[in-house]
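Thanks, everyone. I have one structure to go through today, so please look at the screen.

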Amino acid sequence: QVQLVESGGGLVQPGGSLRLSCAASGFTFSYYHMSWYRQAPGKEREWVAHISNTGTIINYADSVKGRFTISRDNVKNTVYLQMNSLKPEDTTVYYCHSGALTYWGQGTQVTVSS
């Protein structure tokens, strides 16, 4: 069974940092490109960042470029999202996903507020 379990969210002040983790299981993680998405209540899901299966190709949405860093550890079957210089508009639920799969985790809540 495919599982994606996001963690690491929380409440931080503007300008603060969080590191999100997504633990993957049930598939050969190293074969798959991975992405982070976010979705605020009642809004469309937004793509945030992408990383290729080997980690050599990385892309970011303009809204997070220069602030967020996606990475992966294919031994630990985990993809990360390091979020720096957080803004209130980053507040939402964050999800990891692979386009080659149809599964989504439960997400992890990030709240940026003073």
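I will take the sheets one after the other, and then the aromatic side chains.

A word on provenance before the details: what you see is a predicted model.

Let me start with the sheet of four strands. It is open, its pairing is antiparallel, and the strand order reads S1-S3-S8-S7. Why do S1 and S7 each have one side without a neighbour in the sheet? Strand S1, residues 3-7, and strand S7, residues 68-73, are at the edges and have a single partner strand each, so nothing in the sheet flanks the other side. From one strand to the next, the twist averages 15 degrees.

Now to the pairings inside this sheet. S1 runs antiparallel to strand S3, residues 18-25, and five bridges join them. To give two positions, Gln3 has Ser25 of S3 as its bridge partner, and Glu6 has Cys22 of S3. On to strand S8, residues 78-83: S3 and S8 are also paired in the antiparallel sense, here over six bridges. Within that pairing, Leu20 has Leu81 in S8 as its bridge partner.

S3 deserves a moment for its side chains. Which residues of S3 point to one face and are buried? They are Leu18, Leu20, Cys22 and Ala24, in alternation with Arg19, Ser21, Ala23 and Ser25, which point to the other face and are not buried. So Leu20, the residue bridged to Leu81 in S8, belongs to the buried set. Arg19 is in the other set, and the charged end of Arg19 sits over the ring of Tyr80, 4.0 Å from the ring centre.

Next, the sheet of six strands. This one is open too, with mixed pairing, in the order S2-S10-S9-S4-S5-S6. At its edges are strand S2, residues 10-12, and strand S6, residues 58-60; each has a single partner strand, so one side of each has no neighbour in the sheet. Ignoring direction, neighbouring strands here are turned against each other by 25 degrees on average. One pairing to look at is that of strand S4, residues 34-39, with strand S9, residues 92-97: it is antiparallel and has five bridges. In it, Gln39 stands opposite Val93 of S9.

That brings me to the aromatic rings. How many aromatic pairs are there? The count is four. One of them is Phe27 with Tyr32: the ring centres are 5.1 Å apart and the planes are at 85 degrees, which is over 60, so the pair is edge-to-face. Are these two residues buried or partly exposed? Phe27 has a relative accessibility of 13% and is therefore buried, while Tyr32, at 22%, is partly exposed. Another pair is Tyr37 with Trp104, again edge-to-face, at 5.2 Å centre to centre with 70 degrees between the planes. This pair connects distant parts of the chain, 67 residues apart: Tyr37 is in strand S4, and Trp104 is in the loop between S9 and strand S10, residues 108-112.

Staying with Trp104, its relative accessible area is 34%, so the residue is partly exposed. Trp104 also has a charge over its ring: Arg45 lies over the face, at 4.0 Å from the ring centre.

Finally, back to the first ring pair. Phe27 and Tyr32 belong to a cluster with Phe29, linked by ring pairs.

That is what I wanted to show.

Note on methods. Residues numbered from 1 in each chain as written. Predicted model: local features only at pLDDT ≥ 70, side-chain atom pairs only at ≥ 80, totals over all residues. Heavy atoms only, no water. Pairing = 2+ DSSP bridges. Axes fitted to C-alpha atoms, helices over the stretch in contact; angles between N-to-C directions. Phe/Tyr/Trp six-rings, centres within 6.5 Å; stacked < 30°, edge-to-face > 60°. Buried < 20%, exposed > 50% of the residue type's maximum accessible area, 1.4 Å probe, protein only. Lys NZ or Arg CZ within 6 Å of the ring centre and 35° of its normal.
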